[in-house]
Every structure is written in C-alpha cells, then in structure tokens.
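Let's take a friendly walk through a structure together. Have a look at the chain and its ligand first, and then read on.

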Amino acid sequence: MVRPCFRVCYICGREFGSKSISIHEPQCLEKWRIENDQLPRHLRRVEPRKPEVLTGGSCTLTENEAAYQSAQAQLLPCGNCGRTFLPDRLIVHQNCFNPQAAIPRPHSPQFIH
Ligand SMILES: [Zn+2]
Ligand SMILES: [Zn+2]
C-alpha cells in the first residue's frame, strides 16, 4: 500500500496533498503578510523562507520535516510560561495574564489558559 503523498506547508505547518500545496502556499503567505501587518510591532516576525531542501518535486520526510521546522519557527514563546503560540493566540493567551490588569490573575501551572 502506498502512503498518500502529503506536503507540509512551511508557513502554517498544515499538511496538504502534493497538488493542493502549490495552490495553498501563495495564499497562505498572503494571509501571513496581512496577519503580520496587524500585529503589534514587537510580535511581528520575519517572513518565512521556503526551506532550501524543498525542491518541489518530491514529498520526502526530510522535506516535510524542514517545512515543519520552518512553520514551528513562526510560533512565539510566552514570556511567562514558555509555551509557544501563533502571535494572535499569544495575544489572547497573555490577556489572561496582564500585569496592568485591574484584577491580577495567577499564571500558575494549575491555571488553565
Ligand atoms: Zn499554510
Ligand atoms: Zn503563558
């Protein structure tokens, strides 16, 4: 049995069929640019670069791994708990822990955020 060929998007890290990835990638990058522009300056990231190993022809594990790593690099670590999030999720996450907030809320491991 042949395992269906899939490709990992180097921007969002999601899996796509080898045909749909070529359609998805430009759209995903466009979306990434719009989202990045809307982020606060300190959360903005450098535009993801397509990993060198991505030749476009095959769907080897190495290529998908490189694409996955690239997508992971897009995540930002929370300065409080070290977990990584997409920037928009990080903003939501950190809203539950805001030093300037009127009501201080604990940011302990028991605190599910
Ligand atoms: Zn994508
Ligand atoms: Zn946190």
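**A helix and a metal site**

On the side of helix α2 that faces away from its buried face, L61 and T62 are exposed; exposed means over 50% relative accessible area, buried under 20%, and partly exposed in between (1.4 Å probe, protein chains only). This is a predicted model, in which local features need pLDDT of at least 70 and side-chain atom pairs count only at pLDDT 80 or more, while totals for chains, interfaces and linings use all residues. Residues are numbered from 1 along each chain as its sequence is written, chains are lettered from A and ligands numbered from 1 in the order in which they are written, and side-chain values use heavy atoms, with hydrogens and water left out.

Now turn α2 over. Its buried residues are E63, N64, A67, S70 and A71. Seen down the helix axis, they fall within an arc of 120° and so line one face of α2 (the arc is that of the directions from the axis to the C-beta atoms). Strand β1 is included in what covers them, with contact meaning heavy atoms within 4.5 Å. Helices (H or I, at least four residues) and strands (E, at least two) are DSSP runs, numbered from the N terminus.

Next, find the zinc ion (ligand 1). Which residues hold it? C9 (SG), C12 (SG), H24 (NE2) and C28 (SG) coordinate the zinc ion, at 1.9 to 2.3 Å. C9 sits in the loop between β1 (6-8) and β2 (15-17) and H24 in helix α1 (residues 20-38), so this pair ties together parts 15 residues apart in sequence. Both C9 and H24 are buried.

Methods
Donors are N, O and S atoms within 2.8 Å of the metal (3.2 Å for Na, K and Ca); water is not among the atoms, so sites may look incomplete.
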